Amino acid sequence: MLRLVSYSHTARAPALTRAVQGSRQTRRMYFGPCKTTEKTFDKILIANRGEIACRVIRTAKRMGIKTVAVYSDADANSLFVREADEAYRVGPAPTSQSYLNVDAIMDAIKQSGAQAVHPGYGFLSENASFVKQLDDAGVSFIGPKEYAMAAMGDKIQSKIIAKQAGVNTIPGYDGVVRDAEHAVEIAEEIGYPVMLKASAGGGGKGMRIAHTAQEVREGLKLASDEAQSSFGDSRILVEKFIEEPRHIEIQIIADNKGNVLWLPERECSIQRRNQKVIEEAPSTHLDADTRRRMGEQAVALARNVGYNSAGTVEFLVDKHRNFYFLEMNTRLQVEHPITEYITGFDLVEEMIRSAAGLPLTTVSQDDVRIDGWAIESRVYAEDPEKYLPSIGTLSKYQEPKSWRQANDVRCDSGITEGSEISMYYDPMICKLSTHGSTRDQAIATMEHALDRYLIKGVTHNIPLLRDVISSQDFAAGRITTGFLAEHYPGGFKGHRLTKDSAFQLAATSGALQFIRQARETNDTSKTSEKYVLLIPQLADDGTVAKLEANVSLELMGSNNHAVDLNGNNRFRVTVSGGSQTLDLGSRTEEISLQWTMDHPFVETSFGTTLQYLDPLALGFRVQFMGTKFDIDVLSPKQRDLMRYMKEKEKLDTSKLVLSPMPGTIVSVAVKQGDVVAEGAEVAVVEAMKMQNVLRAPRAGTIKTVHVKPGSTVSGEDILIELEDEE
């Protein structure tokens, strides 16, 4: 049964009112004032959740349109529900019973009197049968027409149409794969490697790369299951995998009056598991001629199917700037903010105008310009090493604000402090975007924004984002879709300290301890101190050792020689020591820190922002260059005594198969008494629509199986045990 929640300012609880008002006060404009003065709709329903629902609500309010949210039980207290004018419950947490529950959503449309529906992205956004039901009910769909969506949303059919429109296409099989052996036959005819890809949907779901026949067989099952779970369509296509490719896409916008424009490209090559992580606009790789040809082919494709609304034509581009049609997404893309940044278009406004029968706000291609550079980082609640989702409550949450100029930082999120990250949905926390007049400025602003992004309560991928953004290859534009796999072949484990960054971290940490100590002892008159810091250091082989830094500090520049507990302090710092793999030598510098105690952000004279996160038994935890460091702070005497202490033995997990994340067991491939080889599949766990194969850690005999298909598990739960080795 649907439940209506109609919010007004007087009805909201005080805490919720503050949260909503706070979110509105911090909203910033990225595309100028609303351009629409004509009548569009009185009320629209957003058939989605989270940040994209908030995003659509924002533009609708600018246009004077009332908004209706739909929500699952897990989202009852979410920000998008509170920001909408009305909200209707459509089912329990699982997407199949809520956000994919077409009957419940149609009931919400009827009860609310919404005249149009914006689908956001994902869920029902590319479901042609849903569009037909809306058409039959006399409700406008804020997106393309049913026939265009059906044609272009099916990747097999869209490839055929693209060829007919004269668009460059990737070699592949123009049909549906019947079974695993048929897939192997196709792959061997095309030539390895091949891409197995869901015919419906997108977002990296239902995609696998295969280099052998066995990988085709295994990948087909996983891709098919993911496609069925995410899109309700298990069909898979096979095409040639272009090696060393760049993923570059063209945004199009079209109305129902024959106007179609292409907007400057987005570079989306930084990906994990075929899902985009960092995007930028424009691309460093394209010249003006290639950009124009890609744009013209995208427009030709859109015109060929009578397309209207916003859509994206995705291409793979090789190092010679040859480009090949990949697919068309018949919806608003996740990464649309960076296009809005560099063009000034509000893409949601253009979609609403198109659905209302109005022309685009600009109808001439010559009026489309590129203004500066924009970068987007997708902030996920996930382990950045294995890309496994993390669930929990955001105990502390603070988004970065504009830095060098107004609106140069943009946060598209649907959460506030205290929000829950659920196992049922995509683990994205926020789309963090920055803008600059040049690429270097956009990168510098992104580095600053990532350093000023405070998230506590869940594991997140800011360490990875910060490392990529700061890398020399990214700065030089040397990127492909294999960037993450090539730069972090064993998985990203954290920032690797260099001689320079180790000095910065040690000097800053020593100064922090000096200030902390003054407060704890209520003695601000001390002017010098010595510490021994033990700092985790990541080696090239992925192991973590302790870097030992001897830090001597002398307080400087204070008229009364007292530590300022709530302001700026200047020190002369000497750091020496190192580890077996990193010799710090001895270095002395004058540094300054701007830090208000009980505040997480520490501004340094090195030009970086460090986060002071938590006190620990022997020191404290900080976030530096995106990575968390647990730093032991000792006196020289404590360090001498510590050498005589035994290290704690590590738990032996070689005979256990642990759940890498919270989720649901999809299948179990073994039973008690089975003999397995090392690396053999033993189970599959699914979380947030992604399936992960769990494999035997070593050869042996299965002792106990603790789960069965359908079981719900938490991270680190013991799923399967092997017998002890003889």
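Met195 has Glu239 as its bridge partner in strand β9. I should say at once that this is a predicted model. The pairing belongs to an antiparallel arrangement in which five bridges join strand β7, residues 194–198, to β9. Strand β9 covers residues 236–240, and four of its five residues are buried, so the rest of the structure largely encloses this strand.

I turn next to Glu376, which lies in strand β15, residues 373–380. Is Glu376 buried or exposed? Its relative accessible area is 0%, and the cut-off for burial is under 20%, so Glu376 counts as buried. Beyond its neighbours within four places in sequence, Glu376 is in contact with several residues, among them Val277, Glu279, Lys431 and Met446. Pro337 and Ile338 are also among the contacts of Glu376.

Those two residues bring us to helix α11, since both appear among its buried residues. This helix spans residues 336–343, and eight of its eight residues are buried. Just after α11, Gly344 adopts a positive phi of about 85 degrees.

Finally, I come to a pair of helices. Helix α13, residues 439–451, packs against helix α14, residues 462–469, at an angle of about 155 degrees, with the axes 10 Å apart. The angle is over 145 degrees, and therefore α13 is roughly antiparallel to α14. The crossing of α13 past α14 is left-handed. On the α13 side, the contact is made by Ile443, Met446, Glu447, Leu450 and Asp451; on the α14 side, by Ile462, Leu465, Arg466 and Ile469. By character, the residues of this contact comprise six nonpolar, three charged and no polar. Met446 of α13 is also one of the contacts of Glu376.

Definitions and conventions: Residues are numbered from 1 along each chain as its sequence is written. This is a predicted model: local features need pLDDT of at least 70, side-chain atom pairs count only at pLDDT 80 or more; totals for chains, interfaces and linings use all residues. Side-chain values use heavy atoms; hydrogens and water are left out. Buried means under 20% relative accessible area, exposed over 50%, partly exposed in between (1.4 Å probe, protein chains only). Contact means heavy atoms within 4.5 Å. Two strands pair if DSSP finds at least two bridges between them. Axes are lines fitted to C-alpha atoms, for helices over the stretch in contact, and angles run from 0 to 180 degrees between N-to-C directions. Angles under 35 degrees count as roughly parallel, over 145 as roughly antiparallel, 65 to 115 as roughly perpendicular and the rest as oblique. A crossing is left-handed if the near helix is turned anticlockwise from the far one by less than a right angle, and right-handed if clockwise. Ala, Val, Leu, Ile, Met, Phe, Trp, Tyr, Cys and Pro count as nonpolar, Asp, Glu, Lys and Arg as charged, and the others, Gly among them, as polar.
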